[in-house]
Amino acid sequence: MKLTLIAKHLALAGVLTSLSLSAFAEVQPQDATATTRQVNNALYNKLPFADKTDFENAHKGFIAPLPQNMIKGEQGNVIWNPAKYDFVKEGEKAPDTVNPSLWRQSQLINIGGLFKVTDGVYQIRNLDLSNMTIIEGEKGITVIDPLLSAEPAKEALDLYYANRGKKPVVAVVITHSHVDHYGGLRGVVDEADVKSGKVKIYAPDGFMKEAVSENIMAGNAMSRRASYMYGNLLKPNAKGQGGAGLGTTTSAGTVTLIPPSG
């Protein structure tokens with residue numbers, strides 16, 4: 001009951017934030033001023049944009065692209081649109097309205113798919129704000145940070161299965177209490193398997209207290225902060241929202257929580 005209430009509060013916080021900030025998203029975007037263009041162009045002479053090492057590293061280990069179908073909820077609501085940031089093209093110069101360093105970062109985080117990090121370690125990137133890591137073991141796989149919501153997390157796991165074979169999830173590691181690192185739990189494991197001990201969930205000491213205090217006690221404030229920080233109420237284009245820094249944007253699916261194993 002408590003966990004159901006937590007999930008409802010998380011969803012409500014997002015709805016209230018969207019309602020309170022929706023008016024700001026209606027403001028019409030403007031062209032870059034002469035000063036903005038001058039400052040942005042000057043960066044090309046100050047920073048090493050010709051160095052493509054980060055792009056080479058971002059593509060390294062690529063196995064398979066992300067599915068191109070939209071992830072939708074039961075009501076037809078869009079949870080994740082893989083084509084949302086197609087306007088961010090790798091190799092293209094930043095538009096006048098965007099700081100070149102931020103545009104470069106958006107180009108990097110827009111590189112998505114299933115990747116091999118090293119032997120036995122794989123990542124699914126750009127299927128949510130965070131990345132999901134999978135470690136292969138003798139008895140099954142360990143999922144690290146199962147994204148922000150259940151639907152993209154399930155799609156990420158399915159992408160791994162399609163290319164690496166289906167292996168049971170035997171453990172989940174949550175690195176910290178930010179919701180984009182645990183909200184997709186129910187997309188990769190069943191709570192009954194956790195309760196039976198079939199699947200172990202590991203998290204830092206005090207995780208539940210921090211998750212509840214941050215996302216319920218301070219839920220509205222944190223959701224409002226996230227919308228201002230990520231600009232997720234702006235339209236995705238060169239005059240609106242071009243990325244969230246950590247990833248392209250936040251998913252809009254079902255936020256879930258299962259207590260760590262005792």
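These legends describe close-up views of a predicted model.

**View 1. The annotated domain, residues 128-220.**
The UniProt record, an unreviewed entry, lists "domain: Metallo-beta-lactamase" for residues 128-220. This label comes from the record. Over residues 128-220, helix makes up 37% of the chain. Strand makes up 18% of that stretch. The C-alpha atoms at the two ends lie 21 Å apart.

**View 2. Strands β1, β4 and β5 pair up.**
Strand β4 covers residues 113-118. Strand β1, residues 62-64, runs antiparallel to β4, and 2 bridges join the two. Ala64 stands opposite Leu114 in β4. Strand β5, residues 121-125, also pairs with β4 in the antiparallel sense. Here there are 5 bridges. Lys116 faces a partner in β5: Tyr122 stands opposite.

**View 3. The turn between β4 and β5.**
β4 and β5 form a hairpin with 2 residues between the strands. What is notable about the phi of Gly120 in this hairpin? Gly120 takes a positive phi, near 80 degrees.

**View 4. A salt bridge between Asp31 and Lys239.**
A search of the whole structure finds 8 salt bridges. One of them joins Asp31 to Lys239. The closest N and O atoms of this pair are 2.3 Å apart. The pair links distant parts of the chain, 208 residues apart. Asp31 sits in the loop between α1 (2-25) and α2 (34-43). Lys239 sits in the segment after α8. Is Asp31 buried or exposed? Asp31 counts as exposed because its relative accessibility is 57%, and the cut-off for exposed is over 50%. Lys239 has a relative accessible area of 41%, so this residue is partly exposed.

**View 5. Arg164, Glu136 and Lys167 in a network.**
Arg164 forms a salt bridge with Glu136. The closest N and O atoms are 2.9 Å apart. Arg164 lies in helix α5, residues 150-164. Glu136 lies in strand β6, residues 132-136. The pair links distant parts of the chain, and 28 residues separate the two positions. Arg164 is partly exposed, with 33% relative accessibility. Salt bridges link Glu136, Arg164 and Lys167 in a network.

**View 6. A salt bridge within helix α6.**
Glu191 and Lys195 both lie in helix α6, residues 191-196. They are 4 residues apart, about one turn of the helix. The two form a salt bridge, with the closest N and O atoms 3.9 Å apart. Which partner is buried? Glu191 is buried, because its relative accessible area is 18% and the cut-off for buried is under 20%. Lys195 counts as exposed, at 69% relative accessibility.

**View 7. Glu155 in helix α5.**
Glu155 has its place in helix α5. Its relative accessible area is 15%, so Glu155 is buried. How far is Glu155 from Leu108 in space? Their C-alpha atoms are separated by 21 Å. Along the chain, the two residues are 47 residues apart.

**View 8. The second largest pocket.**
This pocket holds about 330 Å³ of space. Its lining has 21 residues. Nearest its centre lie Leu102, Ser106, Gln241, Gly242 and Gly243. Two or more lining residues come from each of α4 (100-109) and α8 (219-230). Which element gives the most to the lining of the second largest pocket? That is α4, with 5 residues. By class, 9 lining residues are nonpolar and 11 are polar. A further 1 is charged.

**View 9. The largest cavity.**
The count of cavities of 30 Å³ or more comes to 1. The largest cavity has a volume of about 30 Å³. Which residues line the largest cavity? The lining includes Asn40, Asn41 and Tyr44. Also among the lining residues are Lys93, Ala94, Pro95, Asp96, Val98 and Pro100. The lining has 5 nonpolar residues. It also has 2 polar and 2 charged residues.

Technical notes
Residues are numbered from 1 along each chain as its sequence is written. This is a predicted model: local features need pLDDT of at least 70, side-chain atom pairs count only at pLDDT 80 or more; totals for chains, interfaces and linings use all residues. Side-chain values use heavy atoms; hydrogens and water are left out. On a 1 Å grid over the protein atoms alone, a cavity is a set of points where a 1.4 Å probe fits but cannot get out, and a pocket is an open set with protein on both sides within 12 Å along at least five of seven lines; lining residues have an atom within 4 Å of a point. Grid points are joined across faces, edges and corners, and a volume is the space filled by probe spheres set on the points. Ala, Val, Leu, Ile, Met, Phe, Trp, Tyr, Cys and Pro count as nonpolar, Asp, Glu, Lys and Arg as charged, and the others, Gly among them, as polar. UniProt positions are given in the numbering used here, feature names are shortened, and annotations may be inferred rather than shown by experiment. A salt bridge is a side-chain nitrogen of Lys or Arg within 4 Å of a carboxyl oxygen of Asp or Glu. Buried means under 20% relative accessible area, exposed over 50%, partly exposed in between (1.4 Å probe, protein chains only). Two strands pair if DSSP finds at least two bridges between them.
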